[in-house]
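Student: I've never seen this structure before. Please pick one part of it and walk me through it closely.

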Amino acid sequence: MESELKEKLSSLPSDFLPIKNFVNKYAEQESRIDNLGTIQLVKNTQFTEAYFIKLFEGAPQLYFDNFLIRYNLEIPESLKSFFRIMNGFHFYDFTIYGLTPSLYKSTDGLLDRTMLQPLDIGTANEYWKHEFERSDFHFGTRYFDDEQNCGYFLEGDTILSCLTTGEIVRTWTNFSDFLTSELTITEQNETDLNSC
């Protein structure tokens with residue numbers, strides 16, 4: 001398990017290295033790899049099979065091809081390079097969507113809810129982004145407060161964090177700064193919740 005985790009983290013593009021720093025803090029916690037190659041860390045003791053951190057196995061080219069056929073939408077290159085290594089993740093309440101394997105292993109794939117998969121970036125761009133009143137490429141979400149989540153969007157080379165009101169909370173010009181900021185907030189939120 002430890003060698004697979006190290007290999008996956010060492011192959012991340014440089015803009016995504018904050019994930020490595022964050023995950024390394026929890027590498028000694030109870031973990032497992034499922035039959036789809038999903039690395040799961042920090043067991044949720046309230047549930048038998050639940051983990052707080054999930055790093056999904058990279059997406060093969062077939063998933064990108066079938067996504068394009070299904071949605072006639074290109075995934076931005078910065079996300080593609082990440083998805084090839086890590087097809088989305090969940091860190092507590094911070095999620096970067098991915099190419100859901102059961103949907104993209106063929107052109108007519110159906111959602112299989114019997115296996116752990118990343119939340120679908122295609123569904124996010126067809127439906128979920130409208131909740132945020134945005135037309136940009138929607139790629140993730142995070143808990144914001146008890147009333148709403150914030151959504152993440154790519155507008156050209158700019159990363160936006162937006163509320164459901166359409167208000168832009170923050171912007172970044174690279175994934176490294178974005179991930180450092182949002183992982184820090186996520187970790188702080190989790191610490192605050194656990195201390196209650």
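Tutor: Before we pick a part, what is the mean pLDDT of the protein? It is 88, and 95% of the residues reach 70 or more; pLDDT is the predictor's confidence in each residue, from 0 to 100. This is a predicted model, in which local features need pLDDT of at least 70, side-chain atom pairs count only at pLDDT 80 or more, and totals for chains, interfaces and linings use all residues. Residues are numbered from 1 along each chain as its sequence is written, and side-chain values use heavy atoms, with hydrogens and water left out.

Let's take strand 7, residues 148–155. Helices (H or I, at least four residues) and strands (E, at least two) are DSSP runs, numbered from the N terminus. Strand 7 belongs to an open sheet of nine strands, in the order 1-2-3-4-5-6-7-8-9, with antiparallel pairing. Two strands count as paired if DSSP finds at least two bridges between them. At the edges sit strand 1 (31–33) and strand 9, each pairing on one side only. On average, neighbouring strands are turned by 15 degrees against each other, direction ignored. Axes here are lines fitted to C-alpha atoms, for helices over the stretch in contact, and angles run from 0 to 180 degrees between N-to-C directions.

Now for the neighbours of strand 7. On one side, seven bridges tie it to strand 6 (residues 137–145), running antiparallel. These two form a hairpin with two residues between them. Asp-145 has Gln-148 of strand 7 as its bridge partner, and further along, Thr-141 stands opposite Gly-151.

On the other side, five bridges join strand 7 to strand 8 (residues 158–162), again antiparallel. Here Tyr-152 stands opposite Ser-161. This hairpin too has two residues between its strands, and Gly-156 takes a positive phi near 65 degrees in it.

Is strand 7 enclosed or open to the outside? It is largely enclosed by the rest of the structure, because six of its eight residues are buried. Buried means under 20% relative accessible area, exposed over 50%, and partly exposed in between (1.4 Å probe, protein chains only). There's a helix to look at as well: helix 4 (77–85) lies across strand 7, and also across strands 3, 4, 5 and 6, running at about 85 degrees to strand 4. Lying across goes by contact, which means heavy atoms within 4.5 Å.

One residue deserves an extra look. Cys-150 counts as buried because its relative accessibility is 0%. Its sulfur is 8.7 Å from the closest cysteine sulfur, in Cys-162, too far for a bond. Cys-162 is in no disulfide, and at 0% relative accessibility it counts as buried too. A disulfide here is a pair of cysteine sulfur atoms within 2.5 Å, and by this rule the count comes to zero.

Finally, a glance next door at strand 6. Its Arg-142 is in contact with Thr-186, a residue of helix 7 (residues 175–194). Thr-186 also meets Phe-91, Tyr-92, Asp-93 and Phe-94, leaving aside neighbours within four places in sequence. With 0% relative accessibility, Thr-186 counts as buried.
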